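Visitor: Please choose one part of this model and go through it closely, and then place it within the rest of the chain. I would like each term explained where it first comes up.

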Amino acid sequence: MNQWEELQESVGFDFQNVEILKQAFTHSSYVNEHRRENVKDNERLEFLGDAVLELTVSNYLFNKYPDMAEGHMTKMRAAIVCEPSLVEFAEAVHFSKYVRLGKGEEKAGGRTRPALLADVFESFIGALYLDNGIDKVVTFLERVIFPKIDAGAYLQTVDYKTQLQEIVQRDRDVLIEYDILGETGPAHNKAFDAQVIVNGQVLGKGSGRTKKQAEQSAAQFAINQLTHR
């Protein structure tokens, strides 16, 4: 089994056009050293993969969080498709071992360079889209990215307190107050309880490891209450 057969088995997809898969993992430094082979680098695939990734992640967030404001979905998507996240995804599926580099780039540690790995992940998405279609891209993301979204890995990018303020102040001025109700647990592992009060009415309660997290949790609960009435 060669490396490209191994890669296809690893990601769970057979490519009709194996050359486009190879291109997705080909850095420009490799092309510069193998001009006679007429190989192409992955920069165009990276451009396409970036757009496909934004579309598929946007669609997933849109359906998973039907009450989330546009601005918050934008922040969350940005956290998912940023370079550090893409590097994490690429490392999770061991993409670095398949990258084709020039000798100089290899010696310089290019195989572990974050920007290069992020580009390769996007290039692979572009190649997978062209060869297998959008549904197979979604299937791949269901293994690599969507479980992290489901686990709440990117929710910290969402400011529920601001979102609640935007919701309740659409029609009128209101007074929003947060109260810390108490704390539990030992000093090294405290949990705080909070409530949010809107015009004298308790709309939500929540808890967290810090007072700010507890207030965010209370705001999230209040948003759920308001949007499901």
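Guide: What follows starts at the annotated positions and then moves outward to the rest of the chain.

The model is predicted, so local features are described only at pLDDT of at least 70 and side-chain atom pairs only at pLDDT 80 or more, whereas totals for chains, interfaces and linings use all residues. Residues are numbered from 1 along each chain as its sequence is written, and side-chain values rest on heavy atoms, with hydrogens and water left out.

The place to begin is the UniProt record, an unreviewed entry, whose "binding site" annotation covers Glu 46, Asp 119 and Glu 122. These three are spread over 77 residues of sequence, yet they cluster in space, the largest C-alpha distance being 5.9 Å. The same kind of record, again unreviewed, gives an "active site" annotation to Asp 50 and Glu 122. That pair spans 73 residues of sequence and still clusters, with a largest C-alpha distance of 5.5 Å. For all such annotations, the positions are given in the numbering used here, the feature names are shortened, and the assignment may be inferred rather than shown by experiment.

Two helices carry these positions. Helices here are DSSP runs of H or I with at least four residues, strands are runs of E with at least two, and both are numbered from the N terminus. Glu 46 is found in helix α4, residues 43–64, and Asp 50 also lies in α4. Asp 119 has its place in helix α8, residues 114–132, and Glu 122 lies in α8 too.

How open each of these side chains is can be read from relative accessible area, for which buried means under 20%, exposed means over 50%, and partly exposed lies in between, using a 1.4 Å probe and protein chains only. Glu 46 counts as partly exposed because its relative accessibility is 21%. Asp 119 is partly exposed because its relative accessible area is 27%, and Asp 50 is partly exposed because its value is 31%. Glu 122, in contrast, counts as buried because its relative accessibility is 8%.

The contacts, meaning heavy atoms within 4.5 Å, tie the two helices together. Leaving aside residues up to four places away in sequence, Glu 46 touches Asp 119, Glu 122 and Ser 123. With the same exclusion, Glu 122 touches Leu 45, Glu 46, Gly 49, Asp 50, Leu 53 and Leu 86, so that list includes the other residue of the "active site" annotation, Asp 50.

Another residue worth a look is Phe 89, which is found in helix α6, residues 83–92. It counts as buried because its relative accessible area is 0%. Beyond the four neighbouring places in sequence, Phe 89 touches Ile 80, Phe 121, Val 144, Ile 145, Lys 148 and Tyr 154. The C-alpha atoms of Phe 89 and Val 144 are separated by 6.5 Å, although the two residues are 55 apart along the chain.

Stepping back, the unreviewed UniProt entry places a "domain: RNase III" annotation on residues 4–133. That span is 68% helix and 0% strand, and its end C-alpha atoms lie 19 Å apart. A separate domain assignment of the protein chain gives domain 1 (3–151) and domain 2 (160–228), with bounds that come from an automatic or database assignment.

The C-alpha centres of domain 1 and domain 2 lie 38 Å apart, and their contact takes 4 residues from each domain. Between them they bury about 410 Å², 46% of it on carbon and sulfur atoms; buried area is the accessible area (1.4 Å probe) that two parts lose on being put together, summed over both. In domain 1, Asp 67, Met 68 and His 72 lose the most area to domain 2, together 86% of what that side buries. Across this interface 0 salt bridges are found, a salt bridge being a side-chain nitrogen of Lys or Arg within 4 Å of a carboxyl oxygen of Asp or Glu.

Strands come last. Strand β1 (residues 176–184) and β2 pair in the antiparallel sense over 8 bridges, where pairing requires at least two DSSP bridges between the strands. Asp 179 has Gln 195 in β2 as its bridge partner. Strand β2 (residues 191–198) is mostly covered, 7 of its 8 residues being buried. On to strand β3 (residues 201–208), which runs antiparallel to β2 with 7 bridges joining them, and in which Val 202 stands opposite Ile 197. β2 and β3 form a hairpin with 2 residues between them, and Asn 199 in the turn has a positive phi of about 50 degrees.
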